[in-house]
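User: Could you take a close look at one part of this structure for me, the place where the two chains meet, and set it in the context of the chains themselves? I am a first-year student, so please go step by step.

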Protein chains: 2
Amino acid sequence: MSDSAVAEPTVSFDLDAWIAERLVWIDNALDAWVTADRPLGLDHGAPAQLVEAMRYAVLDGGKRLRPLLVLAAHEAVGGSHQAASYGAALRAACAVELIHAYSLVHDDMPCMDNDVLRRGKPTVHVQFGEASALLAGDALQALAFELLTPMDGTVPCVTQAKLCALLARAAGSAGMAGGQAIDLASVGLPLTERQLREMHQLKTGALLQGSVMMGAHCTLPDATALDALMEYGAAVGLAFQVVDDILDVTADSATLGKTAGKDADNDKPTYVSLMGLAPSQAYAQQLLTQAVTAVRAAGLADTRALVALADMVVNRGN
Amino acid sequence: MSDSAVAEPTVSFDLDAWIAERLVWIDNALDAWVTADRPLGLDHGAPAQLVEAMRYAVLDGGKRLRPLLVLAAHEAVGGSHQAASYGAALRAACAVELIHAYSLVHDDMPCMDNDVLRRGKPTVHVQFGEASALLAGDALQALAFELLTPMDGTVPCVTQAKLCALLARAAGSAGMAGGQAIDLASVGLPLTERQLREMHQLKTGALLQGSVMMGAHCTLPDATALDALMEYGAAVGLAFQVVDDILDVTADSATLGKTAGKDADNDKPTYVSLMGLAPSQAYAQQLLTQAVTAVRAAGLADTRALVALADMVVNRGN
């Protein structure tokens, strides 16, 4: 099913090369922006020890899926590395990654998932202590909004306001944080498939979909494009979590770079526990088809990266 | 010294009445905006149990000093309850309070100050559990930026962008979170007065000063006004912490509504431990004079509330 959905464009598109080029842009920007050296109007930079924990959390060779979705959506609506809107897109890409990174730092803490391993490294609270992990997460969230609001005139105010609006809603109580709260409250409880889907649409889907919409809003896209990207973002966001649940039972810790089997051990409801393994795999492929169909029908400037990223999300091994 | 600094305007200004009127506006707005019912473009509101913890943290009869500073600064540059800019000022007022509230929730957690009492009530993690407190704080920070970016056209994009820029910098690693990190790292260490002042300028001063600047930026004030308000905000922000340190040794827990003597017990450096009690009190009065002098010299539209609030900060009993 995956092959028929994406076969045509992947023939002519080298996703690995596309990603490799953008990872350099993203990682260089994060390296430059997550620093102590950001003058304030006050006389101070950020304290070095806090910035060290923030950098540890962010500059870790993550897959950067969310930033890549930002840049792919920006390109889908006609943006490019040369466009005037690229500065906004790169800031949006880094901002969503900072929100994602902070959520992992807090999620790993003892009062939440109590995870000691993340991407093959000790988690932030193991490395720096719980209090520093708490503060580093808090500061990463603030920094995301700082990145979206440069005071140097490089990003139009209307774009700054729109990006902040989208990110705040994707990250907050009606988005990621809300989904985590439902997740927390649902441990050991039976959920219906609809309840599970709603939880994941908030917990993981909102920020993935938000990434797509932020990339698009760095330009001034038309309503047809926005609708298609909204549908793409929703399908990819949900597929990501379905595949996460599948990998939690099919992959080992070394492959995942985190502790496998955690969800089953913690009696958390998952797609696999609810639907079974094979139906979950079929559902992920169905969501891929839905995402690809949506963007192909919308007359976008370039859907190749979006399509290939959706395929990567569904058919990844970790 | 305080009397000579503020005697003239307080004769003709009823601060209690000014505050009482604005507390109604602020508390009504917080009550309306910290809710589960904020549609997203997604189909979801925020989960009820998370919103309950957020409301518990915010709707608690706090003194609302930061929101009051926002509104006072807005009035100082010619804004009023009738002005078109009032909508932005009220959103800014609530946003700074949400940041303040989230910082208290996280600061009270066991891995930080481990406080069980706040404003006479059990702290959020005691009432709702640590994981919920962590998430409620995270969601409150995101909600602050959501409030600053309404999509209904009531706040100009240029104002939205500026307010987000100011708040992100005041809250982040070169502001409040950075100050907390220095505080954390300095327990049991000897600090110079300069180091202590720098720590507090970040930890408490940045958000208090940010409140003043956000209120001012709801209009388009001139550079003289902004410079004066920047100086006022810096002096009041610092004075607030000096007085906090004084009250930690001179007031009891019932008066403070939190555990008194905590800082001394935890071997935290304070102005009192460094300078002594009487010199700390004199320093607070000196900062009050500095704040009042700055705004009186700047030709602002109305400095009465700013002056009276500065006096209240320095001469408060809790």
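Analyst: Among the contacts in chain A between residues at least 6 apart in sequence, 74% join residues that are at least 24 apart. This is a predicted model, and the contacts described here are therefore those of a prediction. Chain A holds 16 helices and two strands, and of its 318 residues, 57% are buried.

Before turning to the place where the chains meet, it helps to ask how far the prediction can be followed. The model scores ipTM 0.93 and pTM 0.93, while the mean pLDDT of chain A is 90, with 89% of its residues reaching 70 or more. There is an exception to keep in mind, since over residues 39–43 of chain A the pLDDT is below 50, and this stretch has six contacts in the model beyond near neighbours in sequence.

Now to the contact between the chains, which takes 53 residues from chain B and 53 residues from chain A. On the side of chain B that touches chain A, at least two residues each are supplied by helix H3 (48–58), helix H7 (130–147), helix H8 (157–171), helix H9 (176–185) and helix H10 (193–217) of chain B. The largest share of that side, twelve residues, comes from H7(B). Sorted by class, the side of chain B that touches chain A has 33 nonpolar, 14 polar and six charged residues.

How are the two chains placed with respect to each other? In general, two copies of a chain are related by a rotation about an axis and a shift along it. Here chain B can be laid on chain A by a turn of 180° and a shift of 0.0 Å along the axis, with an RMSD of 0.0 Å, and that is the relation of a two-fold axis. In chain B, the C-alpha nearest the axis belongs to B:Ala161, at 2.5 Å from it. The same surface serves both copies, in that 100% of the contact residues of chain B recur in chain A.

A single residue shows what contact across the chains looks like. B:His106 is found in helix H5 (residues 86–107) of chain B, and because it has 28 C-beta neighbours inside 10 Å, B:His106 counts as buried. If its neighbours within four places in sequence are left aside, B:His106 is in contact with A:Leu134 and A:Asp138 of chain A, and with B:Met112 and B:Gly137 of chain B. In its own chain, B:His106 is 18 residues from B:Val124 in sequence, and their C-alpha atoms are 8.9 Å apart in space.

Let us next follow the nonpolar residues. The largest nonpolar core has 222 residues, and those that touch the most other members are A:Leu167, A:Ala239, A:Val295, B:Leu167, B:Ala239 and B:Val295. Taking A:Val295 as the example, and not counting residues up to four places away in sequence, its partners are A:Ala76, A:Ala228, A:Leu229, A:Tyr232, A:Leu300, A:Thr303, A:Leu306 and A:Val307.

Helix H16 of chain A (residues 304–315) has twelve residues and reaches 16 Å from its first C-alpha to its last, close to the 16 Å expected at 1.5 Å a residue. Ten of the twelve residues of H16(A) are buried, so this helix is largely enclosed by the rest of the structure. Among these buried residues are A:Leu306 and A:Val307, which also appear in the list of partners of A:Val295, and A:Arg304 and A:Asp311 are buried in H16(A) too.

For contrast, consider A:Ala278, which is found in helix H15 (residues 277–296) of chain A. With 10 C-beta neighbours inside 10 Å, A:Ala278 counts as exposed. The C-alpha atoms of A:Ala278 and A:Val34 are separated by 42 Å, and the two residues are 244 apart along the chain.

Finally, the backbone of two loop residues deserves a look. Most residues other than glycine have a negative phi. A:Asn114, however, has a positive phi of about 50° although it is not a glycine, and A:Asn114 is found in the loop between helix H5 (86–107) and strand S1 (117–118) of chain A. In chain B, the phi of B:Arg119 is near 50°, again a positive value in a residue other than glycine, and B:Arg119 lies in the loop between strand S1 (117–118) and strand S2 (121–122). A:Asn114 is partly exposed, with 14 other C-beta atoms within 10 Å, and B:Arg119 is likewise partly exposed, with 14 other C-beta atoms within 10 Å.

Methods:
Residues numbered from 1 in each chain as written. Chains lettered and ligands numbered in written order. Predicted model: local features only at pLDDT ≥ 70, side-chain atom pairs only at ≥ 80, totals over all residues. Contact = placed C-beta atoms within 7 Å. Helix = DSSP H or I, 4+ residues; strand = E, 2+ residues; numbered from the N terminus. Nonpolar A, V, L, I, M, F, W, Y, C, P; charged D, E, K, R; others polar. Core = buried A, V, L, I, M, F, W, Y, C linked by C-beta atoms within 7 Å. Buried ≥ 20, exposed ≤ 12 C-beta atoms within 10 Å, placed from the backbone. Least-squares fit on C-alpha atoms with pLDDT ≥ 70 in both. Expected span 1.5 Å × (residues − 1). pLDDT = per-residue confidence, 0-100.
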